[in-house]
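Work through the following exercises with the model open beside you, and try each task before you read its solution.

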Amino acid sequence: MSKIPLTSEVFFPNLRLAARMMAFYLRSALFHHIILLFMSATTTIPTTNIVSANTTTVTLGTRTFTLDKEKAEAAFNAKRVINGKDTMFFNILPLKYTWAYDLYKTMKNNHWEPEDIPMQKDVEQWRSNEISDVERWIIKMGIGYFSAAEGIVGDNVLHVVREVVTAPELKLVLGRHAHEENIHADSLVYMISSLGLNPHECEAMFEDIPTITEKNHFVVSNSRAMRRDIDLTKTENKQSLAKNIFLFGQVMEGTQFYGLFGMILSLYRQNKFPGIGQMFRYTLRDESNHIEVFRNLLMDLVDENPDIWTEEFREDLRATMSEGIRLEKKFIRDCLPVASIGLNSSDFEEYIDYIADRRLISCGLAPLNESVSNPFPWLAEMMDIKKEQNFFEGRVTEYQKSSALGQIDDDDL
Ligand SMILES: [Fe+2]
Ligand SMILES: [Fe+2]
């Protein structure tokens, strides 16, 4: 890794954001400037950095810090995704992984609580005859699968990834990530209790439905194998970690979650189960941040450890995605054994192929099904895709097929 000089770009390299803010400022009247600046203080992180001979003054939002220049430079250079300086302190400053702090703030601003969402209409519908058996089955599969899947993701964040990353701002955002999985798990408890479902029935689904068991074994076996005293100076172990990050971020949260998300939001679109649909929309907004956290983490890990990114390893990741797709398609066929109004399994299988390719491309990997198109363009309005679009504008470094990236916009998902 090349040594980076201690300039404003070191602490806050998001110059794109600064440029946009400046352009907007010039176009607006003074009154609007004041309003905008007031709002941005709560939603973005304007930063400045003044360097004198011995000190560096950092302004982060409304807060100002003065750092000893030499110590700050040393601390900055010691920060790594893995194998960085081992410190007892939570030294967020000086920031190296600015994206992690920015995402932490965004995630915090998205905070929601399940009990804030009314479930009365859902309960009425659940008890009525206006809901078909297939629709009822989709809700049960959604609650059954996610009840455990959220915990599996949070467990891996805390006991694998957060354990081995060394930069404090990365630990910060991963802590928030794990907390959001708790919120998601709690939202399912709220759904179960509101609808009056038998919790043991949900547990039984998790253990007795082979397609759910297979999906869970696929990720849990990887996560368990990582819990050992692992020497992360060895390339094969670094690759194991990179694969875990890809598996959980892009295959599980980024692809396998989207079959049920799509089905439940299809019901929501037909005014069925509005409370459950709203909770899944909030969950999806969180998931899009989680996917970005893990993608950035993977990309920075690879940037710092280029020995990971061999052709063989890249093919291994593509094969992992392929296996994830295979398991998800089997699961989708269980969720939709017969076509329901506006829902059939082949459309959802195609949707999974489409989503999976987006995940691969975003990590600089070649797609698996390049010709597939999105069968559900309306889902873009339901799913919080803006951030992904911003990500695509700013960051794909490895995959060179610019024509494929150019075709992707918010309306495509
Ligand atoms: Fe989640
Ligand atoms: Fe998540």
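**Exercise 1.** In this predicted model, find which residues of helix 5 meet which residues of helix 8, and then work out how the two helices are oriented.

Solution. Begin with the contact itself: on the side of helix 5 you should find Ala100, Tyr101, Leu103, Tyr104, Met107 and Lys108, and these meet Glu169, Leu170, Leu172, Val173, Arg176 and Glu180 in helix 8. Sorted by class, the residues of this contact are 8 nonpolar and 4 charged, with no polar ones. Next, consider the geometry: helix 5 covers residues 98-109 and helix 8 covers residues 168-195, and the two pack at an angle of about 25 degrees with their axes 8 Å apart. Angles under 35 degrees count as roughly parallel, and therefore helix 5 and helix 8 are roughly parallel to each other. Finally, the crossing of helix 5 with helix 8 is left-handed.

**Exercise 2.** Decide whether Met263 is buried or exposed, and describe its surroundings.

Solution. First locate the residue, which lies in helix 12, residues 258-269. Then consider the count of other C-beta atoms within 10 Å, which is 26 for Met263; a residue is buried if that count is 20 or more, so Met263 is buried. Now look for its partners: if neighbours within four places in sequence are left aside, Met263 is in contact with Ile138, Cys335, Leu343 and Phe348. Sequence distance can also be set beside distance in space, since Met263 and Gly142 are 121 residues apart along the chain, while their C-alpha atoms are 8.9 Å apart.

**Exercise 3.** Work out how helix 7 is oriented relative to helix 12, and name the residues that bring them into contact.

Solution. Start from the angle: helix 7, residues 133-164, packs with helix 12 at about 135 degrees, and their axes are 10 Å apart. That angle makes helix 7 oblique to helix 12, and the crossing is left-handed. As for the residues, Glu135, Ile138, Met141, Gly142 and Tyr145 of helix 7 meet Leu260, Met263, Ile264 and Leu267 of helix 12. This contact between helix 7 and helix 12 divides into 7 nonpolar residues, 1 polar and 1 charged.

**Exercise 4.** Carry out the same analysis for helix 11 and helix 13, and then follow Ile245 into the nonpolar core.

Solution. Helix 11, residues 235-256, and helix 13, residues 274-304, pack at an angle of about 155 degrees, with their axes 9 Å apart. Angles over 145 degrees count as roughly antiparallel, which means that helix 11 is roughly antiparallel to helix 13. The contact includes Ala242, Ile245 and Phe246 from helix 11, and Phe294, Leu298 and Leu301 are among the residues they meet in helix 13. By class, there are 10 nonpolar, 4 polar and 3 charged residues in this contact of helix 11 with helix 13.

Turn now to Ile245, which, apart from neighbours within four places in sequence, is in contact with Val161, Phe294, Leu297, Leu298 and Leu301. Ile245 is also one of the residues with the most contacts inside the largest nonpolar core, alongside Leu170, Ile264, Leu298 and Leu301, and that core has 83 residues. The largest share of this core comes from helix 13, which supplies 13 residues. As background, nonpolar side chains tend to be buried together in soluble globular proteins.

Terms used: Residues are numbered from 1 along each chain as its sequence is written. Chains are lettered from A and ligands numbered from 1 in the order in which they are written. This is a predicted model: local features need pLDDT of at least 70, side-chain atom pairs count only at pLDDT 80 or more; totals for chains, interfaces and linings use all residues. Axes are lines fitted to C-alpha atoms, for helices over the stretch in contact, and angles run from 0 to 180 degrees between N-to-C directions. Helices (H or I, at least four residues) and strands (E, at least two) are DSSP runs, numbered from the N terminus. Angles under 35 degrees count as roughly parallel, over 145 as roughly antiparallel, 65 to 115 as roughly perpendicular and the rest as oblique. Two residues are in contact if their C-beta atoms, placed from the backbone, lie within 7 Å. Ala, Val, Leu, Ile, Met, Phe, Trp, Tyr, Cys and Pro count as nonpolar, Asp, Glu, Lys and Arg as charged, and the others, Gly among them, as polar. A nonpolar core is a set of buried Ala, Val, Leu, Ile, Met, Phe, Trp, Tyr and Cys residues joined through C-beta atoms within 7 Å. A residue is buried if 20 or more other C-beta atoms lie within 10 Å of its own, exposed if 12 or fewer, and partly exposed in between; C-beta atoms are placed from the backbone. A crossing is left-handed if the near helix is turned anticlockwise from the far one by less than a right angle, and right-handed if clockwise.
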